Amino acid sequence: MGDLVAVRVVIVALGLTACAAPPDVGVDEQLAIACADGPTVKGMDVSYYEPSIDWAAAHASGIDFAFIRATDGLTYRDPRFAEYWAAAKAAGVIRGVYQFFRPAEDPIAQADLLLDRMGPLEPGDLPPVIDVEVSGDRTPAQVTTAVEAWVAHVTEKIGRVPIIYAGLYSWHDLTGSADLTSSPLWVAQYTRAPCPNIPVPWTRWLFWQYSATGSVPGIPGMTLDVNVFNGTLDDLRAFTMPAVCGDGRCSTDETADSCALDCQPCGIIGADGGVIDDGDACFVAGGPAPYLRHIAGAGADDDLIWTHATDSEAEANFAQWNLHFEAAGRYRVEAYTAQAYAGSTRAGYLIEAAGATTAVTIDQAAVDGWQSLGELEFAAGGGQSIHLGDNTGEPLADDAQLVFDAIRLTRIPPAPPPATEPPPATQPPPVTEPPPATEPPSDPAAGGCATGSAGGPTGLALLVLSLGWPLGWPLGWPLGLRRRRRRRA
């Protein structure tokens, strides 16, 4: 790019959002001025004009994104595209692709050529760009029709609206200021003002190419186009192509749990448990390879790896056993330590289980065989692991060897529910004695006493009669009573 406008001296202070222009800048340049919303992210655009790029050095210097030319119309294929497309991704630079558009050539054929060269976009890639700089002797209406056809075709193929690269004046001259604002704007303007002018009818820019004479570490002796993105790095990442489950690629933001179609687990631990050895797919050994010693004929499955323990703050070599469980539950965790090679007394294992982290330190030299790391609850699925780094805190001079070998997980059956006593049998109601029979009431005709009673006046009279009444006793003296004599007057 660079045919749009004459290069002006750039004294733009990146990251400033003030819109005031220096006094000597023409009034026309302040029309449709648009400042960044806030922070910006630095990037570049390249082609074969940059014959050599150290992408890692460019990224380390602050270049977080790059647009790479793939084609010029239907006739030219950039010879550096495939190399730079792969190298940018490998270096961690967010990449995008652009095509220099020729309105006089078939717009659909041009779009298909671009799509073929870039291949399927991967998660984290930017949508492609149509670079509109020339008319090809076509009228503004014809240029607009061609650009619209290109944009619609690419949108249909990738499911995202592509980006339009345009200049403040060229967009009006080439298209009559056509309204294609459904596409984000990448504006090219080299100005002394802190914010660019943008072509109408856009009111905001997403990318700004602010200089064609920039310099970037990793591209020595070259001047090139430099740009900024309107937003933070997180905003830029959010703008890139998303991961799509089922596209056949296991992206960095996909897992075996979130997208089993694309990301197969390295292995599954069965419902009863299992063993992950250092030679299995779920085992990862990292760090400098020369310091990882592979030993055959020793260990849990006749092989192991050892490295030296250190007292460095950060780990250099490490081992990780990635875990994917068929069933959730409580598991006993054990590590195999062969005494012939294990010498670390402070081996620190970090166990990620069911969203919690547990740190366990053991003396690897204490047991020749399986050592317990405890019992933990694990969730069904993945996202769980056991990690062991070489930074145990033991000085390198101690020559303590740290062993990476098998991990065994054994399911602990859940305890049966406590036995409960059966409810007591229902007892029949107690048998009660019938109430004692009551004597019938006495007959009033019989003197008011119960039949057979020996008490009362009647009984006494009968008793007296039966014994005989002594002659000469006054009848008025019963029971030894005597009539009182009347006193004389």
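This note goes through a helix pair, a small group of strands and the disulfides of a predicted model.

1. Helices α3 and α4. Two packed helices are described by the angle between their axes and the distance between the axes. Here the helices are α3, residues 107-118, and α4, residues 140-158. Their axes come within 8 Å and cross at roughly 35°. The crossing of α3 and α4 is right-handed.

2. Residues at the helix contact. On the α3 side, the contact is made by Pro-107, Ile-108, Gln-110, Ala-111, Asp-112, Leu-114, Leu-115 and Met-118. On the α4 side, Ala-146, Ala-149, Trp-150, His-153, Val-154, Lys-157 and Ile-158 take part. Sorted by class, the contact of α3 with α4 has 11 nonpolar residues, 2 polar and 2 charged.

3. The sheet. An open sheet is formed by 3 strands, in the order β12-β13-β20, and the pairing is antiparallel. Which strands are at the edges? They are β12 (293-296) and β20 (401-404), each of which pairs on one side only. From one strand to the next, the twist averages 35°.

4. Strands β13 and β20. Strand β13 covers residues 303-308 and is joined to β20 by 4 bridges. The two strands run antiparallel. To find one of these pairings in the structure, start at Ile-305: its bridge partner in β20 is Phe-404.

5. Disulfides in general. How many disulfides does the structure hold? There are 4. The points below deal with the pairs Cys-35 and Cys-195, Cys-245 and Cys-259, and Cys-250 and Cys-263.

6. Cys-35 and Cys-195. A disulfide joins these two residues, with an S to S distance of 2.1 Å. The torsion about the S-S bond of Cys-35 and Cys-195 is about 95°, so the disulfide is right-handed. This pair links distant parts of the chain, 160 residues apart. Cys-35 is in the segment before β1 (40-46), while Cys-195 is in the loop between β7 (185-188) and β8 (207-214). Are the two cysteines buried or exposed? Both Cys-35 and Cys-195 are buried.

7. Cys-245 and Cys-259. The sulfur atoms of this disulfide are 2.0 Å apart. The link of Cys-245 and Cys-259 is right-handed, with 90° about the S-S bond. Both cysteines lie in the loop between α6 (233-239) and β10 (273-276), so the pair ties together parts that are 14 residues apart in sequence. Cys-245 has a relative accessible area of 42% and is therefore partly exposed, the range for that class being from 20% to 50%. Cys-259, at 2% relative accessibility, counts as buried.

8. Cys-250 and Cys-263. These residues also form a disulfide, with their sulfur atoms 1.8 Å apart. With 110° about the S-S bond, the link of Cys-250 and Cys-263 is right-handed. Cys-250 and Cys-263 are each in the loop between α6 and β10, 13 residues apart. Cys-250 counts as partly exposed because its relative accessibility is 45%. Cys-263 has 4% relative accessibility, so it counts as buried.

Methods. Residues numbered from 1 in each chain as written. Predicted model: local features only at pLDDT ≥ 70, side-chain atom pairs only at ≥ 80, totals over all residues. Heavy atoms only, no water. Axes fitted to C-alpha atoms, helices over the stretch in contact; angles between N-to-C directions. Left-handed = near helix turned anticlockwise from the far one by under 90°. Contact = heavy atoms within 4.5 Å. Nonpolar A, V, L, I, M, F, W, Y, C, P; charged D, E, K, R; others polar. Pairing = 2+ DSSP bridges. Disulfide = S-S within 2.5 Å. Buried < 20%, exposed > 50% of the residue type's maximum accessible area, 1.4 Å probe, protein only.
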